[in-house]
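Here's a quick briefing on how some of the strands in this protein pair up. Have the structure open as you read.

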Amino acid sequence: KVSKPLHLSCIHKTLSFGGKHFFSVATILPFSLQNGDIKMEPEFWQSIGTVLKEGFFDSGVAKESAEFIVAGNFYSPKQQPVKTGGVSARGGSVEKKLAVTGDRYWLAEGKITDPVEFTSMPVTYQYAFGGPTNTANRHGKGDYSNSDSEPELRPLPNIEYIDQLVTSEKSNPAPAALNQVDVLTEARRKKMGTYDESSVPYELAPDIDWHFFNDAAQDQWFPEPFTGEETFEFQFMHPEHAMLTGTLPSMRMRAFVHKQGKDSESATEIKPEGQTPEYEIEEIQLKLDTLWFAPHENLGAMVCHGSCEVSDRLANEIDHLLLAFEDLTQTPRSHEDYAVSMQMREDPQQAMTYALLSVDLTAESYETDMEDLLFQNDPDRLENFTTDNINVFVDNTTKDIDKEITEAIDTIE
């Protein structure tokens, strides 16, 4: 069972390493780059599907080094055709600048065609230096050094480091982009460690370099986790705004698990005051180690990772995962508060109520659209709201909303 507010998304999996098993969690808080408003989960995943199309968003495993990832495009100023341009992306204290050039091709005697004019260009590894035999970027273009046959057209890369421009057919620059690095690149595969006939099934190699789970290029890494208050800036990566700047939402994410067999027998009954110290929960310590951006979609995401030890590789003893987010400025809610929140969602008489409510899992400065619609900031509307009368409640609420819509239409007419 997973309980969470409508804003948060979650990825979880189990890992085995060194004879132990771990339940790993990624919590995702999406937000608007322009005003910092927290976005809802359905809107977030819809945008992810549009932006990524193929591939994955996150592995669900903690990053050895914090990093920022950008899935985006270059857009020319005022959408006027250009032959060359550039982008810059900054997350916190790390900035990356790249050159962008229209389509070009090699001619005879090492000459290059003039760039074709363009108004937008993906800033991804598919448009960076590389090729089918390039161990650093098999998806790119411009590397024909080990080709079995010379293609009729030999395109050059569109995205390059400013100080590593391709100037001859012998040029061998590092691939330049802002999105995720392919897990099958040689350098990244080597970080997986050694696997042979002595390897334990389903277990990570004992000599694994945990940077394997870092998705961005090394020049997008940070030495420490993020605080949640970093600023960001993007130039020429939005079709309407040449510069997009902002600050991360000042939020922290929390994660708790309840494990079977960890409670005393007296924990089966919820006390009237809602406090049950016998109901034991464990907090998964989360670190904000990933910032993900899609500037053209006005979308950012803060991603935290954490894990806890479990007894088997299926994490069978975990029967409830609860996620929440809080303002950095508010006093952190206690374990006892979240224990009650978990129990309320397990109680048959309260589960339906708390399926619609997430005020106890949400930062004090935010509320969900669902709660705003149903309760309109009126606590009295929550009185006796249980499974027994939910249908009556929904019917009455629907009638109230229909009445307000009709009155609004009459006013307009």
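What follows covers one open sheet and then the partners of a single strand.

Keep in mind that this is a predicted model. The open sheet has five strands with antiparallel pairing, and strand β19 (residues 318-327) pairs with β1 in parallel and with β15 antiparallel.

**The open sheet**

- Reading across, the strand order is β11-β7-β6-β13-β14.
- The edges belong to β11 (159-161) and β14 (243-247), each of which pairs on one side only.
- On average, neighbouring strands here are turned by 20 degrees against each other, ignoring direction.

**Inside that sheet: β6 and β13**

- Strand β6 (residues 84-91) lines up antiparallel with strand β13 (residues 231-235), and the pairing runs over four bridges.
- If you want a spot to zoom in on, try Arg90, whose bridge partner in β13 is Glu233.

**Strand β19 and its partners**

- β19 is mostly covered, with nine of its ten residues buried; the cut-off for buried is under 20% relative accessible area.
- With strand β15 (residues 251-259), β19 runs antiparallel, joined by nine bridges.
- One place to look on β15 is Ala255, which has Leu323 of β19 as its bridge partner.
- Strand β1 (residues 2-3) runs parallel to β19, and two bridges join them.
- On the β1 side, Ser3 has Leu322 in β19 as its bridge partner.

**A general reminder for viewing**

- Side chains in a regular strand alternate between the two faces of the sheet.

How values were computed. Residues are numbered from 1 along each chain as its sequence is written. This is a predicted model: local features need pLDDT of at least 70, side-chain atom pairs count only at pLDDT 80 or more; totals for chains, interfaces and linings use all residues. Side-chain values use heavy atoms; hydrogens and water are left out. Two strands pair if DSSP finds at least two bridges between them. Axes are lines fitted to C-alpha atoms, for helices over the stretch in contact, and angles run from 0 to 180 degrees between N-to-C directions. Buried means under 20% relative accessible area, exposed over 50%, partly exposed in between (1.4 Å probe, protein chains only).
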